[in-house]
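Me: I am new to this structure and should like to learn how to read its features one at a time. Would you kindly guide me through it?

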Amino acid sequence: MLSQILHEITSAREPVSLSVLSHKLGIERSALEGMLAYWVRKGRLRNDDKPVEAADAACTSGSCGSFCPSVSGCPFIAKMPRTYSVVIPVDEVK
């Protein structure tokens, strides 16, 4: 199953979202997350999510007012689907 997951992501033309991959392979999302974490630890996949840094948020400028819930609870920061893509080994880059 692990090799099938890696094959699906490798053959995709763009980063693959967790929900699409889960549906396509018929694997529960929570089980798939663990399998993807295995490939990330092995250096074969990259988690494309970039967490929003406090410095990137509008909240740091005080524009939200005194009731700002912080970056983690800000309603103006969209949550994007988690995606994964293949890590290309350095010796294959030309």
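**Reading the fold**

Reply: Let us begin with the contacts along the chain. Among contacts in the protein chain with a separation of 6 or more, 61% join residues 24 or more positions apart. Please keep in mind that this is a predicted model.

Me: Which elements does the protein chain contain, and in what order do they run from the N terminus on?

Reply: The protein chain holds three helices and three strands. Read from the N terminus on, their order is α-β-α-α-β-β.

Me: How should I read a sheet, and in what order do the strands lie here?

Reply: As a general idea, strands of a sheet pair through backbone hydrogen bonds, and the pairing may be parallel or antiparallel. In this structure, three strands make an open sheet with the order β1-β3-β2, and the pairing is antiparallel. At the edges are β1 (16-17) and β2 (45-47), each of which pairs on one side only.

Me: How many bridges join the strands, and which residues are bridge partners?

Reply: β1 is joined to strand β3 (residues 83-86) by two bridges, and Val 16 has Tyr 84 in β3 as its bridge partner. Between β2 and β3 there are three bridges, again in the antiparallel sense. Here Leu 45 has Val 86 in β3 as its bridge partner.

Me: Where does α3 lie with respect to the strands?

Reply: α3 lies across β2 and β3 and runs at about 110° to β2.

Me: Let us turn to burial. What share of the protein chain is buried?

Reply: A residue is called buried when its relative accessible area is under 20%. Of the 94 residues in the protein chain, 23% are buried. The surface that the protein chain exposes is about 6,900 Å², of which carbon and sulfur atoms supply 56%.

Me: Which residues touch the most other members of the largest nonpolar core?

Reply: That core has 13 residues, and those touching the most other members are Ile 5, Ile 9, Leu 21, Leu 32, Leu 36 and Leu 45. The elements contributing two or more residues to this core are α1 (2-11), α2 (18-25) and α3 (29-41).

Me: May we examine single members of the core? What does Leu 36 contact beyond its neighbours within four places in sequence?

Reply: Beyond those neighbours, Leu 36 is in contact with Ile 5, Ile 9, Leu 18, Leu 21, Leu 45 and Tyr 84. One of these partners, Ile 9, deserves a turn of its own.

Me: Is Ile 9 buried or exposed?

Reply: Ile 9 belongs to helix α1 and counts as buried because its relative accessibility is 3%. When residues up to four places away in sequence are not counted, Ile 9 touches Val 16, Leu 21, Leu 36, Leu 45, Tyr 84, Ser 85 and Val 86. From Ile 9 to Leu 21, twelve residues apart along the chain, the C-alpha separation is 8.3 Å.

Me: Ser 85 appears among those partners. What else does Ser 85 contact?

Reply: Ser 85 sits in strand β3 and is buried, at 11% relative accessibility. Leaving aside neighbours within four places in sequence, Ser 85 contacts Ile 9, Pro 15, Arg 44, Leu 45, Arg 46 and Asp 48.

Me: Which residues form a salt bridge?

Reply: A search of the whole structure finds one salt bridge. Lys 24 pairs with Glu 8, and the closest N and O atoms are 2.9 Å apart. Lys 24 is in helix α2 and Glu 8 in helix α1, so this pair ties together parts that are 16 residues apart in sequence. Lys 24 counts as exposed at 57% relative accessibility, whereas Glu 8 is buried, with a relative accessible area of 17%.

Me: Finally, where is Met 1, and what does Met 1 touch?

Reply: Met 1 is placed in the segment before α1 and is partly exposed, its relative accessible area being 49%. Not counting residues up to four places away in sequence, Met 1 touches Ile 27 and Met 35. Measuring from C-alpha to C-alpha, Met 1 and Leu 32 lie 9.8 Å apart in space, although they are 31 residues apart in sequence.

Technical notes
Residues numbered from 1 in each chain as written. Predicted model: local features only at pLDDT ≥ 70, side-chain atom pairs only at ≥ 80, totals over all residues. Heavy atoms only, no water. Core = buried A, V, L, I, M, F, W, Y, C linked by side-chain atoms within 4.5 Å. Buried < 20%, exposed > 50% of the residue type's maximum accessible area, 1.4 Å probe, protein only. Helix = DSSP H or I, 4+ residues; strand = E, 2+ residues; numbered from the N terminus. Contact = heavy atoms within 4.5 Å. Salt bridge = Lys/Arg side-chain N within 4 Å of Asp/Glu carboxyl O. Areas by Shrake-Rupley, 256 points an atom, 1.4 Å probe, with all protein chains shown as cover. Pairing = 2+ DSSP bridges. Axes fitted to C-alpha atoms, helices over the stretch in contact; angles between N-to-C directions.
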